[in-house]
Amino acid sequence: MKKIALFALLLICTLLIGRSYFHINATKAQNGSLDKKVKSSAMLPQLKDGDMIFQSSVSPQCKAVQLATGSPYSHCGLIFHEDGKPYVLEAVQPVTVTSLTDWIARGKNKHYVIKRLKEADKVLSEEVLAKMKGIGEGFLGKNYDATFEWSDNRIYCSELIWKIYQRGAGIEVGKLEKLKNFDLSSAEVKSKLKERYGNQIPLEETVISPASIFNSELLTTVASN
């Protein structure tokens with residue numbers, strides 16, 4: 001009987017130890033999973049309608065834009081929300097909307113910088129944002145402007161942002177320049193200009209670059225990776 005009792009006691013202790021071990025490891029796993037979720041959530045920026053997002057694109061003209069403007073950022077878009085989800089209104093071919101995650105994944109090394117108007121809470125009321133969004137929707141489907149002309153017939157990325165802000169909020173984000181103001185001396189830039197314009201380069205054309213918007217004193221950086 002003593003042997004049976006001792007065996008039963010050992011069995012109970014083994015079960016208790018095993019149960020305790022399982023509980024500890026399960027708790028660790030749950031905590032680990034929770035930690036990952038917390039870290040993942042912490043990495044997500046708190047976005048607002050009207051935020052601007054910048055990246056270095058991997059398009060063929062990317063290098064030329066970077067050299068001409070002296071900035072690593074060659075593409076940009078405007079963030080809006082639909083049903084609580086962020087998307088990017090951007091001028092590609094054609095002007096379209098892209099989910100934020102897809103937009104970020106498309107950039108070089110998935111790097112991005114998000115900027116916001118410093119007085120956004122005061123200036124960008126619901127009414128103003130609705131007007132801006134409506135103006136943006138009016139550009140949907142327009143062809144990408146590969147020759148950077150200052151008209152609404154075709155649109156390029158920074159032009160889209162500038163015109164939406166100027167027409168919707170009365171704010172000029174970034175300084176308008178002439179094509180001749182950029183650094184056109186590198187071989188890559190000269191080649192791209194030759195490809196786009198031939199021998200008739202419109203040096204007096206009004207242009208707004210991603211770099212000009214990015215460096216605007218009206219903006220503050222709210223997120224980057």
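What percentage of the 225 residues in the protein chain do buried residues make up? Buried residues account for 40% of them. The legends below describe a predicted model.

**Figure 1. Overview of the predicted protein chain, with eight helices and eight strands.** The chain has an accessible surface of about 13,400 Å². Carbon and sulfur atoms contribute 57% of that surface. Among the contacts with a separation of 6 or more, 69% are made by residues 24 or more positions apart in sequence.

**Figure 2. Strand β1 and the two strands with which it is paired.** Strand β1 comprises residues 52-55 and is covered on both faces. Met 52 and Phe 54 lie on one side, Ile 53 and Gln 55 lie on the other, and all of these residues are buried. Strand β2, residues 75-82, runs antiparallel to β1 and is joined to it by four bridges. Strand β5, residues 113-117, is also antiparallel to β1, and three bridges join the two. Ile 53 can be followed into both pairings: its bridge partner in β2 is Gly 77, and in β5 it stands opposite Ile 114.

**Figure 3. The hairpin formed by strands β3 and β4.** Strand β3 covers residues 85-91 and strand β4 covers residues 95-99. The two strands run antiparallel and are joined by five bridges. Three residues lie between them. One of the residue pairs to locate in this view is Glu 90 with its bridge partner in β4, Thr 96.

**Figure 4. The salt bridge between Asp 121 and Lys 48.** Side chains of opposite charge can pair when their charged atoms come close. In this pair, the closest N and O atoms are 2.7 Å apart. Asp 121 belongs to helix α4 (residues 120-123), whereas Lys 48 is in the loop between α1 (2-43) and β1, so the salt bridge ties together parts that are 73 residues apart in sequence. The two partners may also be described by their accessibility. Asp 121 has a relative accessibility of 64% and therefore counts as exposed. Lys 48, at 33%, counts as partly exposed. The structure as a whole holds 13 salt bridges.

**Figure 5. Further salt bridges, including those of Glu 119 and Glu 204.** Glu 119 forms a salt bridge with Lys 122, and the closest N and O atoms of this pair are 3.7 Å apart. Glu 119 is partly exposed, with a relative accessible area of 42%, while Lys 122 is exposed, with a value of 70%. Glu 204 forms a salt bridge with Lys 180, where the closest N and O atoms are 2.8 Å apart. Glu 204 is located in the loop between α7 (187-197) and β7 (206-207), and Lys 180 in the loop between β6 (177-178) and α7, so this pair ties together parts that are 24 residues apart in sequence. Both partners are partly exposed: Glu 204 has a relative accessible area of 49%, and Lys 180 has a relative accessibility of 43%. Elsewhere, salt bridges with shared partners join Asp 152, Glu 159, Lys 163 and Arg 167 into one network.

**Figure 6. Cysteine residues in a structure with zero disulfides.** Which cysteine holds the sulfur closest to that of Cys 76, and why do the two form no bond? The closest cysteine sulfur is in Cys 157, and the separation of 3.8 Å is too far for a bond, because a disulfide requires sulfur atoms within 2.5 Å. Cys 76 is buried, with a relative accessible area of 0%. Cys 62 also counts as buried, at 7% relative accessibility.

**Figure 7. The surroundings of Asn 143.** Asn 143 is found in the loop between α5 (126-139) and α6 (157-169). Its relative accessibility is 40%, and Asn 143 therefore counts as partly exposed. When its neighbours within four places in sequence are left aside, Asn 143 is in contact with Gln 93, Pro 94, Arg 154 and Ile 155. With Gln 93, the side chain of Asn 143 makes a polar contact of 2.9 Å, side chain to side chain. The C-alpha atoms of Asn 143 and Ala 91 are separated by 8.0 Å, although these residues are 52 residues apart along the chain.

How values were computed: Residues numbered from 1 in each chain as written. Predicted model: local features only at pLDDT ≥ 70, side-chain atom pairs only at ≥ 80, totals over all residues. Heavy atoms only, no water. Buried < 20%, exposed > 50% of the residue type's maximum accessible area, 1.4 Å probe, protein only. Pairing = 2+ DSSP bridges. Contact = heavy atoms within 4.5 Å. Areas by Shrake-Rupley, 256 points an atom, 1.4 Å probe, with all protein chains shown as cover. Salt bridge = Lys/Arg side-chain N within 4 Å of Asp/Glu carboxyl O. Polar contact = N/O pair within 3.5 Å; in protein donor to acceptor, adjacent residues only side chain to side chain.
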